[in-house]
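Biologist: Could you walk me through this one slowly? I am new to reading structures and would like to ask as we go.

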Amino acid sequence: MEQPWHSWQFRAVVSCLWAPTAAWVMAQPATARDLQLWRLNPATNQLEIRTERAVQPRAELVYNPTRLVIDLPGVVLGSPPISQNYGGAIRQVRVAQFDPQTTRIVVEYAAGFTIDPQQVRFRGVTANNWLVQLPTPQQQPVSLPTPPPPSSPSTPSVPPTEPLQIRSWRADGIGFLVFADRPLAEGSYTIRRPWRDRMEILLSNSELIRNFSPRRLELRRFGGDRIRAEIRAQSNRQVQITLDIDAQDADWQVTPRHDGFVIVPSSTAITPPTAPPRPQRPSVIPAASAQTPVTTIQRVDLGGRELLIQGDRTVFYSVGWEGNRYRIRLRQAQLDGNLREPRVVTGSPLSNIEFRQEDDQTVSILLTPAPNFRILGPRPLSAESFVVQIQGVNDSPTSAPTPIDIPPTTTTQPPSQPVPRGRFVVVIDPGHGGSDPGAIGIGGIREKDIVLDISLQVSQFLQQQGVQVIMTRTTDIDLDLAPRVAIAERARANAFVSIHANAISIARSDVSGLETYFAPGRSSRLAVAIHNSILSSLNIRDRGVRSARFYVIRNTSMDSALVETGFVTGAEDAANFQNPTWRTQMARAIAQGILNFLNGR
């Protein structure tokens with residue numbers, strides 16, 4: 001839905017009703033933006049969350065220390081981070097804006113306590129009011145490390161004379177890992193805290209290897225706070241590590257390990273390993289009544305300079321770098337049990353491909369480029385598939401990658417009434433995207449996801465009929481309104497169609513239906529053709545063809561229309577949006593309406 005988001009002010013009021021067994025904390029809803037209320041009752045282990053719009057909570061359990069992390073997609077906190085300390089098994093609750101479109105609630109347990117993630121239960125009172133029942137915390141048995149045997153008086157230990165060679169370091173979830181040529185010796189470092197927000201660790205008889213990089217790191221902890229660290233070589237074979245920390249943090253500690261040492265908060269217990277530790281994956285929490293269909297990733301093939309990724313329905317993905325590996329994150333996705341992983345052989349542009357099923361609805365694929373190769377990025381092929389393009393550093397920009405055959409994934413017939421190939425140019429504009437989710441409706445469905453799926457299929461249908469299609473976005477990116485218009489103007493398009501989903505108050509689930517818009521004073525022929533095609537193809541309520549001053553249809557010079565394909569807040573339309581077959585029928589009807597317009601019908 002193309003309309004500005006309501007602006008809210010947030011005021012947190014903390015009220016503690018101290019009793020022997022219970023304490024309540026409430027963020028009052030007087031002027032909140034999206035998060036209207038949260039409150040925890042430690043006596044009943046129940047957390048209540050209330051938001052302005054519908055939300056689909058996600059959760060996972062993270063260890064060292066034990067934390068239940070609850071993400072609220074599409075929710076804006078609208079205030080600085082909030083934290084509340086408790087006594088007993090629950091140590092603290094923190095609420096913060098984790099990223100521009102996610103509010104994160106962290107329930108941190110005291111040292112020695114944990115919970116069973118399978119016992120966490122979500123109950124949706126309404127689409128925007130959730131009760132999270134936390135299991136009773138269990139105290140973990142504590143095993144003390146076996147003390148080392150006393151040194152023999154006849155063989156006193158001799159401290160090494162060669163300096164400790166520090167080779168690299170990295171942030172690792174809860175602290176910093178420092179890698180060296182041997183364990184850090186006890187007594188070879190000092191720690192001081194000259195200010196509440198700064199820690200300094202001075203290492204004696206140590207040095208950085210030549211070309212050590214990077215000198216600065218940043219750790220983003222759960223709850224949104226950042227810890228910045230810097231490492232510098234000093235005179236007389238000394239190295240200093242400086243941490244800019246939260247003034248409320250407890251002291252940090254240094255723990256030697258077989259390949260260097262770790263720096264973590266003192267509340268984090270770490271046993272020095274005798275072998276490289278295996279990273280512990282977050283425990284999966286049962287989904288909170290997820291209703292959105294999950295895409296099954298059926299095929300991942302490496303052919304020439306392209307990696308093909310294909311699912312059985314629309315693939316939603318984002319990309320980025322994780323160290324020296326290229327990460328593809330597939331949302332609302334799962335790996336097919338019969339998926340054959342591509343083989344990496346000598347001469348392949350990739351040296352390694354790793355699959356991760358992060359949780360029930362998230363898949364990550366990590367690509368490591370081979371020497372002398374670089375990853376260019378994704379290129380969509382259809383709603384269900386895309387390729388990641390790879391290029392040799394010595395390739396010319398015009399080198400064409402080896403094609404991969406894409407088997408059809410649907411038997412849906414294309415629209416009728418083809419037009420001569422190359423005769424018409426149509427711009428399809430999926431609304432919103434990236435940090436702008438658009439409207440959020442029943443079950444947490446997001447406008448940007450729905451309209452991207454429909455738009456990609458509209459494009460596919462039109463291209464099958466000989467229409468040249470240009471899309472303003474083919475992935476989940478943020479794009480302002482003016483660039484969308486500029487794309488259509490540069491293409492000298494014959495038609496511009498912006499595809500959206502409507503919304504009203506979540507309390508008005510009775511409102512559903514189709515609306516199609518044209519700009520005031522402009523021709524309504526394209527809007528009418530699309531609107532009538534949809535009504536003749538789908539069982540959807542008719543809310544009419546209307547004129548409105550939406551930016552993208554008002555500022556484009558060609559025939560333009562904006563289609564509100566239904567209400568994500570409407571009970572009828574929300575159910576349809578979550579049906580892949582219905583979305584395909586909607587796409588086909590829109591494409592047929594555009595063809596009718598182009599053919600003068």
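Modeller: Gladly, and one term should come before anything else: helices (H or I, at least four residues) and strands (E, at least two) are runs assigned by DSSP, and they are numbered from the N terminus. Please also keep in mind that this is a predicted model.

Biologist: Okay, so how many helices and strands does the chain have?

Modeller: The secondary structure comes to six helices and 37 strands. The chain has 601 residues, and buried residues make up 50% of them, where buried means under 20% relative accessible area.

Biologist: And what about the surface, how much accessible area is there?

Modeller: The accessible surface of the chain is about 28400 Å², and carbon and sulfur atoms account for 49% of it. As for contacts inside the chain, if we take those between residues at least 6 apart in sequence, 65% of them join residues at least 24 apart.

Biologist: Let's go to a loop. Where is Arg237 found?

Modeller: Arg237 sits in the loop that connects β18 (226-234) with β19 (238-244). Its phi is near 55°, which is a positive value in a residue other than glycine.

Biologist: Why bring up the sign of phi?

Modeller: Most residues other than glycine have a negative phi, and most peptide bonds are trans. Asn45 is another residue with a positive phi, of about 55°, although it is not a glycine, and its place is in the loop between β1 (35-41) and β2 (46-51).

Biologist: Is Asn45 buried or exposed? And Arg237, buried or partly exposed?

Modeller: Asn45 is buried, since its relative accessible area is 10%, whereas Arg237, with a relative accessible area of 44%, is partly exposed.

Biologist: You mentioned trans peptide bonds. Which residues does a cis peptide bond join here?

Modeller: A cis peptide bond links Ser213 and Pro214, with omega at about 0°. Pro214 belongs to the loop between β16 (206-208) and β17 (216-220).

Biologist: New topic: what do β32, α1 and β33 make together?

Modeller: Strand β32, helix α1 (residues 447-464) and strand β33 form a right-handed β-α-β unit. Strands β32 (residues 425-430) and β33 pair in the parallel sense over four bridges, and within that pairing Val426 of β32 stands opposite Val469 in β33.

Biologist: Which way do the side chains of β33 point?

Modeller: In a regular strand the side chains alternate between the two faces of the sheet. Along β33 (residues 468-471), Val469 and Met471 point to one face and are buried, while Gln468 and Ile470 point to the other face and are not buried.

Biologist: And the helix in the middle, how many residues of α1 are buried?

Modeller: In α1, 15 of the 18 residues are buried, so the helix is largely enclosed by the rest of the structure. Its length can be checked too, because at 1.5 Å a residue the 18 residues should span 26 Å, and the end C-alpha atoms are indeed 26 Å apart. Just after α1 comes Gly466, which takes a positive phi of about 90°.

Biologist: What about α3, which of its residues are buried?

Modeller: The buried residues of α3 are Leu526, Ala527, Ala529, Ile530, His531, Ser533 and Ile534. Their cover includes the strands β34 (495-502), β35 (514-518), β36 (542-547) and β37 (559-567), together with the helix α6 (580-598). For this helix (residues 525-537) the 13 residues should span 18 Å at 1.5 Å a residue, and the end C-alpha atoms, at 18 Å apart, agree with that.

Biologist: How many aromatic pairs does a search of the whole structure find?

Modeller: The search finds three aromatic pairs. In one of them, Phe577 and Trp582 have ring centres 5.5 Å apart and planes at 90°, so the pair is edge-to-face. Both Phe577 and Trp582 are buried.

Biologist: Last one: what is Trp321 in contact with, leaving aside its neighbours within four places in sequence?

Modeller: Trp321, which lies in strand β25 (residues 316-322), is in contact with Tyr326, Arg327, Pro369 and Ile375 once those neighbours are left aside. Trp321 is partly exposed, with a relative accessible area of 46%, and although Leu366 is 45 residues away from Trp321 in sequence, their C-alpha atoms are 8.8 Å apart in space.

Note on methods: Residues are numbered from 1 along each chain as its sequence is written. This is a predicted model: local features need pLDDT of at least 70, side-chain atom pairs count only at pLDDT 80 or more; totals for chains, interfaces and linings use all residues. Side-chain values use heavy atoms; hydrogens and water are left out. Buried means under 20% relative accessible area, exposed over 50%, partly exposed in between (1.4 Å probe, protein chains only). Two strands pair if DSSP finds at least two bridges between them. A crossover is right-handed if, with the strands pointing away from the viewer, the path from the first strand over the helix to the second runs clockwise. The expected span of a helix is 1.5 Å times one less than its number of residues. Rings of Phe, Tyr and Trp (its six-membered ring) pair if their centres lie within 6.5 Å; planes under 30 degrees apart count as stacked, over 60 as edge-to-face and the rest as tilted. Contact means heavy atoms within 4.5 Å. Accessible areas come from the Shrake-Rupley method with a 1.4 Å probe; for residues, only the protein chains shown count as cover.
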